[in-house]
Amino acid sequence: MAGTIEAYVNDRFLPLSEARISVEDRGMQFGDGIYEVLLIHGGYPIFLAEHMERLERSARGIRLSLPMSRAGIGEMIRALVARSNRATGIVYLQVTRGVQPRSHRVAEGTVPTLVAYTRDLPAHLPVESCVTLPDDRWLHCDLKTTCLLPNVLAKEAAAQAGADEAIFHRDGVVTEGASTNVFIVDDHGQIHTHPTGPWILAGITRQVVVRIAQERGFALSETPFDLDQLSAASEVFLTSTTAHVRPVNRIDGRLVGSGRPGPVTQRLMEAYAEVIDSEASVMSR
Ligand SMILES: Cc1ncc(COP(=O)(O)O)c(C=O)c1O
């Protein structure tokens, strides 16, 4: 059952309907900020340590000092989820460089704005259809910044083509989805996903799936693959905090394999579901 929507803005818990930030916030004017989306599962925010580590990495990457310690932010998130009283959902957390009269230069003494709130999990289809598009983003895709315009436009282009997700490629090398990481399974059963680095976001779900695959004896290589390998793949799946492990049945209008979720994808979907259950029970202790 959905709980209430709770928010936190700069030291204060309040209902989302009352949450406000200034029109002069640098996040709004310059996209000068970073964010995280965490899964609430079994009543707890899961993979909290991994998300906090990535938040710190993004903060360092844009030379932003977080307004609270990692432990302080973690505690706030736990309190927010407890107050929102929901078994499932998401926490959206954003830190921007703060409020000042508009200027590209950062004014000395500007205090970062920290906003967080809970929401229901967005609805996902059981399988996704995708289109491929040139990746026209910058070279710091490893930083989870709020500058998401290329991703937004790619999602719109996908929707106009009747698809759910856009898969980016740089000169034919598949990088990631507009809001997901991309995996393929080749006809030898080998799983491939783009290595971490400046071209992709190191997804938390990706990291967990790579670990599961290694622990459970799947052959997985973090090496780049191209559009030809994508279209020849017997299975393709996407990963993200909200989509979990999601099979792809169609790319650019063509069926992937038989068009039904393949055996490797299904086993990883099940394994991922087990891991998030056990993660929620660890968080409850
Ligand atoms: C561009 C991009 N890649 C990958 C992901 C998946 O990351 P995660 O598994 O941490 O949700 C996201 C999530 O929003 C994303 O925006």
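In which strand is His 41 found? His 41 sits in strand β3. The model is predicted. His 41 counts as buried because its relative accessibility is 18%, and the cut-off for buried is under 20%. The side chain of His 41 makes a polar contact of 2.8 Å with the side chain of Asp 277.

## Nonpolar core

Strand β3 also matters for the next topic. It spans residues 33-41 and supplies at least two residues of the largest nonpolar core. That core has 45 residues. Ile 77, Leu 93, Ile 191 and Leu 268 have the most contacts inside it. Several helices supply at least two residues each: α2 (48-61), α3 (70-84), α5 (204-215) and α7 (263-283). So do the strands β5 (89-96), β6 (113-119) and β10 (181-185). Which element gives the most to this core? Helix α7 does, with eight residues.

## Ligand site

The ligand is surrounded by 18 residues. The closest are Arg 54, Glu 176, Ile 204, Thr 205 and Thr 241. Three of these residues have listed distances to ligand oxygen. A polar side-chain atom of Arg 54 lies 2.8 Å from an oxygen atom of the ligand. Ile 204 uses its backbone: a polar atom there is 2.8 Å from a ligand oxygen. For Thr 205, an N or O atom of the side chain lies 2.6 Å from an oxygen atom of the ligand. How much of the ligand does the protein bury? Taken alone, the ligand exposes 390 Å², and the protein buries 92% of that.

Glu 176, one of the closest residues to the ligand, also belongs to a network of salt bridges. Its partners in the network are Asp 135, Arg 137 and Arg 170.

## Salt bridges

Side chains of opposite charge can pair when their charged atoms come close. The whole structure holds 14 salt bridges. Three of them are set out below.

| Salt bridge | Closest N to O distance |
|---|---|
| Glu 6 and Arg 83 | 3.8 Å |
| Arg 70 and Glu 56 | 2.8 Å |
| Arg 216 and Glu 274 | 3.3 Å |

Take Glu 6 and Arg 83, which form a salt bridge. Glu 6 lies in strand β1 (residues 6-9) and Arg 83 in helix α3, so this pair ties together parts that are 77 residues apart in sequence. Glu 6 is buried, with a relative accessible area of 15%. Arg 83 counts as partly exposed, at 45% relative accessibility.

Next come Arg 70 and Glu 56, also joined by a salt bridge. Arg 70 lies in helix α3 and Glu 56 in helix α2, so the pair links parts that are 14 residues apart in sequence. Arg 70 is partly exposed, with a relative accessible area of 34%. Glu 56 is partly exposed too, with a value of 22%.

Then there is the salt bridge of Arg 216 with Glu 274. Arg 216 lies in the loop between α5 and β12 (220-221), while Glu 274 lies in helix α7, so the pair ties together parts that are 58 residues apart in sequence. Arg 216 has a relative accessible area of 41% and is partly exposed. Glu 274, at 45% relative accessibility, is also partly exposed.

## Positive phi in loops

Most residues other than glycine have a negative phi. Which way does phi of Asn 10 go, positive or negative? Phi of Asn 10 is positive, near 40°. Asn 10 is found in the loop between β1 and β2 (12-15). Asn 10 is partly exposed, with a relative accessible area of 38%.

Phe 47 has a positive phi as well, near 55°. Phe 47 is found in the loop between β4 (44-45) and α2. Is Phe 47 buried or exposed? Phe 47 is buried, with a relative accessible area of 4%.

## Surface patch

Which residues make the nonpolar surface patch? Leu 149, Val 152 and Leu 153 make it, and the patch covers about 300 Å². Leu 149 is in helix α4 (residues 149-160). Why does Leu 149 count as exposed? Leu 149 counts as exposed because its relative accessibility is 57%, and the cut-off for exposed is over 50%.

Notes. Residues numbered from 1 in each chain as written. Predicted model: local features only at pLDDT ≥ 70, side-chain atom pairs only at ≥ 80, totals over all residues. Heavy atoms only, no water. Patch = residues over 30% accessible without salt bridge, like charges linked within 9 Å, V, L, I, M, F, W, Y side chains within 5 Å. Areas by Shrake-Rupley, 256 points an atom, 1.4 Å probe, with all protein chains shown as cover. Salt bridge = Lys/Arg side-chain N within 4 Å of Asp/Glu carboxyl O. Helix = DSSP H or I, 4+ residues; strand = E, 2+ residues; numbered from the N terminus. Buried < 20%, exposed > 50% of the residue type's maximum accessible area, 1.4 Å probe, protein only. Near = heavy atom within 4 Å. Polar contact = N/O pair within 3.5 Å; in protein donor to acceptor, adjacent residues only side chain to side chain. Core = buried A, V, L, I, M, F, W, Y, C linked by side-chain atoms within 4.5 Å.
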